[in-house]
Amino acid sequence: MKKLLIGFGALLVLLIAAAVIAPFLIPLDTYKPQIAKAVRDATGRELTMGNIRLSVLPRLAVEVDNVAFSNAPGATAPQMATLKQLALQVQLFPLLSGEVAVDRFVLVDPVINLEVDQNGKANWVMAPASPAAATTPSPSGSGSASGAPAALSNLRLGDIRLVNGTIVYTDRVAKTTETVTGIDMALA
């Protein structure tokens, strides 16, 4: 019995050490092009990111610096959205059962440019880069009975915040621009 407990303790120590060391061994920068391609295929827009940091314990956490999402062709601002930092933290154990429990989702210094062009088309209406991307079925199935995607039906939210945000709304049909700055919001 004593050897079994020692073996279990050693296994537990190894698992904890692997979870602590893993973020330092995973080359996160190699995933940037794959993430950017997935965003481009889904939206037809470019995504750029700065440094990415990952931690596994006690929760799965990702922080990304200097995020930029390109605007629609012909828009006034080159970027639809920029963020100084995006921080996401989710609980590990609910992920194993297919539930997403977001403990923290924080956007720091976001600048969001919403624009309606001279033809009345909004820049937040996006189309996939290729028709094949739009017609490819999702591997997760059709979703829940309510019509919501399965991932959204199993979503729990915690600390959701926007820190020092700026929203610029430009309507080129009406020839107006409205800017709201210093937005600090929390979703409870």
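## A walk through the strands and salt bridges

Let us begin with one pair of residues: I52 has V64 in strand β3 as its bridge partner. Keep in mind throughout that this is a predicted model. The two residues belong to a wider pattern, in which strand β2 (residues 52–55) and strand β3 (residues 60–70) pair in the antiparallel sense over four bridges. If you follow the chain from β2 to β3, you pass through a hairpin of four residues.

Side chains also link these two strands. R53 and E63 meet in a salt bridge, with 3.0 Å from N to O. R53 lies in strand β2 and E63 in strand β3, so this salt bridge ties together parts that are 10 residues apart in sequence. Are these two residues buried, exposed or partly exposed? R53 has a relative accessible area of 35%, so it counts as partly exposed, and E63 is partly exposed too, at 26%. The pair is also part of a network of salt bridges that links R53, E63 and D65.

While you are in strand β3, have a look at N66. Its phi is near 50°, a positive value in a residue other than glycine. N66 is exposed, with a relative accessible area of 52%. Another residue that is not a glycine but has a positive phi is D109, at about 55°. You will find D109 in the loop between β5 (100–108) and β6 (111–116). With a relative accessible area of 25%, D109 is partly exposed.

How many salt bridges does a search of the whole structure find? There are six, and one of them joins E115 and R172, whose closest N and O atoms are 2.9 Å apart. E115 sits in strand β6 and R172 in the loop between β7 (155–171) and β8 (176–187), so the contact ties together parts that are 57 residues apart in sequence. E115 is buried, with a relative accessible area of 4%, whereas R172 is partly exposed at 28%. D159 and R161 form a salt bridge as well, with their closest N and O atoms 3.0 Å apart. Both ends are partly exposed: D159 has a relative accessible area of 28% and R161 one of 30%.

Finally, turn to the start of the chain. M1 is in the segment before α1 (2–25), and it counts as exposed because its relative accessibility is 75%. Together with L4 and L5, M1 forms a nonpolar patch on the surface, and the three residues have about 400 Å² of accessible area together.

Notes:
Residues are numbered from 1 along each chain as its sequence is written. This is a predicted model: local features need pLDDT of at least 70, side-chain atom pairs count only at pLDDT 80 or more; totals for chains, interfaces and linings use all residues. Side-chain values use heavy atoms; hydrogens and water are left out. Patches are made of residues with over 30% relative accessible area and no salt bridge: like charges are joined within 9 Å, nonpolar side chains (Val, Leu, Ile, Met, Phe, Trp, Tyr) within 5 Å. Accessible areas come from the Shrake-Rupley method with a 1.4 Å probe; for residues, only the protein chains shown count as cover. A salt bridge is a side-chain nitrogen of Lys or Arg within 4 Å of a carboxyl oxygen of Asp or Glu. Buried means under 20% relative accessible area, exposed over 50%, partly exposed in between (1.4 Å probe, protein chains only). Two strands pair if DSSP finds at least two bridges between them.
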